[in-house]
Each structure stands twice: as C-alpha cells, then as structure tokens.
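Work through the exercises below with the model in view. Each task is followed by a solution in steps.

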Amino acid sequence: MSERNTVTVKIYGQEYNISGEASREHIMRVADYVDSKMQEIGDAINASNSGIAVLAAVNIADEYFARENDIAELQEKNEQLVNDTQRYSLLWEEAKQSLAQYKEEMAGTRAQQEENLRTLTDKNDRIAELTAQLQEVNGHNEVLRARCEELTRRAESAVFD
C-alpha cells in the first residue's frame, strides 16, 4: 500500500487538511483548482460559502462529465482508427500479393515471349533454308527448260530434215 500524504491547503480562505495516497503536488493542484473555481464563482455572485461551494462542485462536476464525454469520443475515434488501420493493413497485404502474382505472371509472359521469339527465329531460319533450296530448284528448272527447248528444236529440225 502507498504512503499517505497529508497536506494543509487553503480553499476560499479556509484551511483544510487533505490526506490521500496521491503525491503532495497532486493534492495541492486539486485544492488550487477548487479554490480558483470558488473564487471565480464568488466574484460573479453574492452567495454564502456553502452556496459557492455547491456551485463550484456543480461546475467541476460539469467539467468532469464533459471530459468523460471527450474521452469516450476519443476512445470511439481511436477504435475507428484501429479498425481502419487493420482494414488498410489487409488491403496493403492484398496489394502486395497482387503485385507478387503480377510479377510471376509477367515472368511467365516474358519466358513465353522469349520462347516465341526463339520459335520465330527458328522458323525464319527454316524459311531462309527453304527459299535457298527453292532458288536452287528454280535454277535447275531453268537449266532443264533450256535443255528441253534445245531438244525440242533439235527434234523439230530432225523431223523436217
């Protein structure tokens, strides 16, 4: 159990001994706050000490409940922020997974593209080979056609002679 502190304070002109487990500084701060509230109300109205004390207590209670409402609103906002953070974290993870999947697909597409390029190169090489063979065959055909024409002329001249 903590050590109890007893502090003599002055509130609205009267001395009080306040005892508690809070620090001496805290007890004095609370007493100063109550004194300032009573002074504020005492300066504003003409009432007995007990009336001023009651009004000060009501004002302090009002401030207390206003702070409680502020705290509740902040807690609600904090919960919303936590929920938003979790949602954005999930979205971030999904985006990272999508990016990884996209990179994989791109690597696969790139590999397919390289394979297609190799196939195209091979087919172009084969076309070049076949074109060369065709030119060679056409060359042989020209030679054969020329011989055929020569043989046809010879045959015609042999028949008419």
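**Exercise 1. An aromatic pair**

Task: Decide whether Phe65 is buried, partly exposed or exposed, then find what a search of the whole structure gives for aromatic pairs.

Solution.
Step 1. Phe65 has a relative accessible area of 48% and is therefore partly exposed; buried means under 20% relative accessible area, exposed over 50%, and partly exposed in between, with a 1.4 Å probe and protein chains only.
Step 2. This is a predicted model, in which local features need pLDDT of at least 70 and side-chain atom pairs count only at pLDDT 80 or more, while totals for chains, interfaces and linings use all residues. Residues are numbered from 1 along each chain as its sequence is written, and side-chain values use heavy atoms, with hydrogens and water left out.
Step 3. Rings of Phe, Tyr and Trp (its six-membered ring) pair if their centres lie within 6.5 Å; planes under 30 degrees apart count as stacked, over 60 as edge-to-face and the rest as tilted.
Step 4. The search of the whole structure gives one aromatic pair. Its members are Tyr64 and Phe65, with 5.2 Å from centre to centre and 70° between the planes, an edge-to-face arrangement.
Step 5. Tyr64 also has a relative accessible area of 48%, so Tyr64 is partly exposed.

**Exercise 2. A charge over a ring**

Task: Which residue lies over the face of Tyr88?

Solution.
Step 1. The rule asks for NZ of Lys or CZ of Arg within 6 Å of the ring centre and within 35 degrees of the ring normal.
Step 2. Arg87 lies over the face of Tyr88, 4.7 Å from the ring centre.

**Exercise 3. Asp35 and the loop at Tyr12**

Task: Which side chain of opposite charge is nearest to Asp35, and what does Asp35 touch?

Solution.
Step 1. Place Asp35 in helix H1, residues 24-44. Helices (H or I, at least four residues) and strands (E, at least two) are DSSP runs, numbered from the N terminus.
Step 2. Lys and Arg count as positive and Asp and Glu as negative; His and the chain ends are not counted. A salt bridge is a side-chain nitrogen of Lys or Arg within 4 Å of a carboxyl oxygen of Asp or Glu.
Step 3. Asp35 is buried but has no salt bridge, and the nearest side chain of opposite charge, Lys10, is 8.8 Å away.
Step 4. With contact meaning heavy atoms within 4.5 Å, Asp35 touches Lys10, Ile11, Tyr12 and Gly13, residues up to four places away in sequence not being counted.
Step 5. Of these contacts, take Tyr12, which lies in the loop between strand E1 (5-11) and strand E2 (14-20). Tyr12 is not a glycine, yet has a positive phi of about 50°. Its relative accessible area is 21%, so Tyr12 is partly exposed.

**Exercise 4. Salt bridges in helix H2**

Task: How many salt bridges does the rule give, and how far apart are the closest N and O atoms of Lys96 and Glu93?

Solution.
Step 1. The count is eight salt bridges.
Step 2. The closest N and O atoms of Lys96 and Glu93 are 3.2 Å apart. Both residues lie in helix H2 (residues 49-160), three residues apart, about one turn of the helix.
Step 3. Glu150 forms a salt bridge with Arg154, with the closest N and O atoms 3.0 Å apart. The two residues are four apart in helix H2, so about one helical turn separates Glu150 and Arg154.
Step 4. Glu150 is partly exposed at 37% relative accessibility, whereas Arg154 is exposed at 52%.
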